[in-house]
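Student: Please take a close look at one part of this model, the question of sulfur bonding. After that, go on to the elements of the fold and how they fit together.

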Amino acid sequence: MKDLFGKALLDFYHNNYTEDLITSTNISGDDVLPLPYLFRSYSEMPKLEQKALQLAKGKVLDVGCGSGSHSLYLQDKGMDIKAIDISEGAIEVAKLRGIVQAELKDILNETETFDTIILLMNGTGIFQELSQVPHYLKHIKSLLRPNGQILVDSSDIQYMYEDEDGGLWIDTNANYYGELDYFLSYKGEDEAPMKWLYLDFERLHLACNTVGLQCDKVIDGEHHDYLAKIYI
């Protein structure tokens with residue numbers, strides 16, 4: 001991994017902002033991911049993220065923290081927050097922004113326990129594939145303290161497969177339609193492709209049940225997305 005995401009965050013933080021990240025998937029063309037958006041304040045966040053931060057309690061783990069915007073908001077409220085990411089540049093930026101507990105770590109290597117675990121900005125993406133969801137949920141479950149909660153958002157991207165007449169062109173013999181190949185480029189460089197999972201609520205609910213977790217939908221977003229609360 002070249003960590004182009006981390007390089008972009010560092011550039012923005014150090015006032016070297018000249019261009020944005022470019023993303024695409026195997027079912028969609030190039031899309032611009034503006035760097036300022038990754039440093040957004042609470043008032044600039046979508047309502048799903050705002051709601052998740054309102055519900056956070058106790059000791060909190062921010063998984064895939066990016067530049068640390070969610071963690072920073074909670075830390076400023078006086079909460080005990082730990083931020084983790086697999087991007088070295090992201091963690092460096094999070095620390096530079098003042099996050100006290102920021103660590104380069106994959107969620108599967110986390111061993112501490114928490115009252116709240118947040119996975120935001122399509123938090124199910126880190127699960128990569130539908131078949132991996134129970135594996136990740138089992139591990140995250142092991143990190144929950146009594147009465148703990150997981151707050152995760154995602155989208156049902158079935159709409160991306162609709163034709164002009166509202167019909168679907170999903171290949172029923174192919175993998176789950178929410179499993180995408182995700183591509184990222186920055187300043188003319190391409191990152192190694194990665195797998196990224198968009199998970200509809202019904203499948204998330206089913207996966208939770210198979211590993212002994214409860215799953216409630218908290219709120220729907222404005223574009224086929226939702227926030228879910230998962231608990232024992």
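**Cysteines, helices and strands**

Tutor: The cysteine sulfur closest to that of Cys215 belongs to Cys208, and at 4.1 Å it is too far away for a bond. This is a predicted model, in which local features need pLDDT of at least 70 and side-chain atom pairs count only at pLDDT 80 or more, while totals for chains, interfaces and linings use all residues. Residues are numbered from 1 along each chain as its sequence is written, and side-chain values use heavy atoms, with hydrogens and water left out.

A disulfide is a covalent bond between the sulfur atoms of two cysteines. The structure holds 0 disulfides, where the term stands for a pair of cysteine sulfur atoms within 2.5 Å. Cys215 is buried at a relative accessible area of 4%, and Cys208 is buried at 0%. Buried here is under 20% relative accessible area, exposed is over 50%, and partly exposed lies in between (1.4 Å probe, protein chains only).

Now the sheet. Helices (H or I, at least four residues) and strands (E, at least two) are DSSP runs numbered from the N terminus. Seven strands form an open sheet in the order 5-4-3-6-7-12-11, with mixed pairing. Strand 5 and strand 11 (214-220) are at the edges with a single partner strand each, so one side of each has no neighbour in the sheet. From one strand to the next the twist averages 20°. Strand 7 (residues 144-155) and strand 12 (residues 225-231) run antiparallel and are joined by 7 bridges; two strands pair if DSSP finds at least two bridges between them. Ile150 has Ile230 as its bridge partner in strand 12. Helix 5 (residues 133-142) packs on this sheet and touches strand 6 (114-119), strand 7 and strand 12. The direction of helix 5 makes about 145° with that of strand 7.

Other strands pair around strand 8 (residues 179-186), of whose 8 residues 6 are buried. Strand 8 pairs with strand 1 (residues 21-25) in the antiparallel sense over 4 bridges. Across that pairing, Ile22 has Ser185 as its bridge partner, and Thr23 has Leu184. Strand 8 also pairs with strand 10 (residues 194-197), antiparallel and over 4 bridges, where Leu180 is matched with Trp196. Strand 9 (residues 189-190) runs antiparallel to strand 8 and is joined to it by 2 bridges, with Tyr186 opposite Glu189. These two strands form a hairpin with 2 residues between them, and Lys187 in the turn has a positive phi of about 50°.

Strand 1 is mostly covered as well, with 4 of its 5 residues buried. Strand 2 (residues 28-33) runs antiparallel to strand 1, and 4 bridges join them. Thr23 thus has a second entry in this account: in strand 2, the residue that stands opposite it is Asp31. The link between strand 1 and strand 2 is a hairpin of 2 residues.

Two helices pack against each other. Two packed helices are described by the angle between their axes and the distance between the axes. For helix 1 (residues 4-13) and helix 4 (residues 88-96), the angle is about 30° and the axes are 7 Å apart. Axes are lines fitted to C-alpha atoms, for helices over the stretch in contact, and angles run from 0 to 180 degrees between N-to-C directions. The two helices are therefore roughly parallel to each other; that label covers angles under 35 degrees, with over 145 roughly antiparallel, 65 to 115 roughly perpendicular and the rest oblique. Helix 1 contributes Phe5, Gly6, Leu9, Leu10 and Tyr13 to the contact, and helix 4 contributes Gly89, Ala90, Glu92, Val93 and Leu96; contact means heavy atoms within 4.5 Å. By class, this contact has 7 nonpolar, 2 polar and 1 charged residues. Ala, Val, Leu, Ile, Met, Phe, Trp, Tyr, Cys and Pro count as nonpolar, Asp, Glu, Lys and Arg as charged, and the others, Gly among them, as polar.

Within helix 4, Gly89, Ala90, Ile91, Val93 and Ala94 are buried. The buried residues of helix 4 pack against helix 1, strand 4 (81-85) and strand 5 (101-104). Just after this helix, Gly98 takes a positive phi of about 110°.

A last glycine is Gly68, in the loop between strand 3 (60-63) and helix 3 (69-76). Gly68 is buried, at 0% relative accessibility. Beyond its neighbours within four places in sequence, Gly68 is in contact with Arg97 and Ile99.
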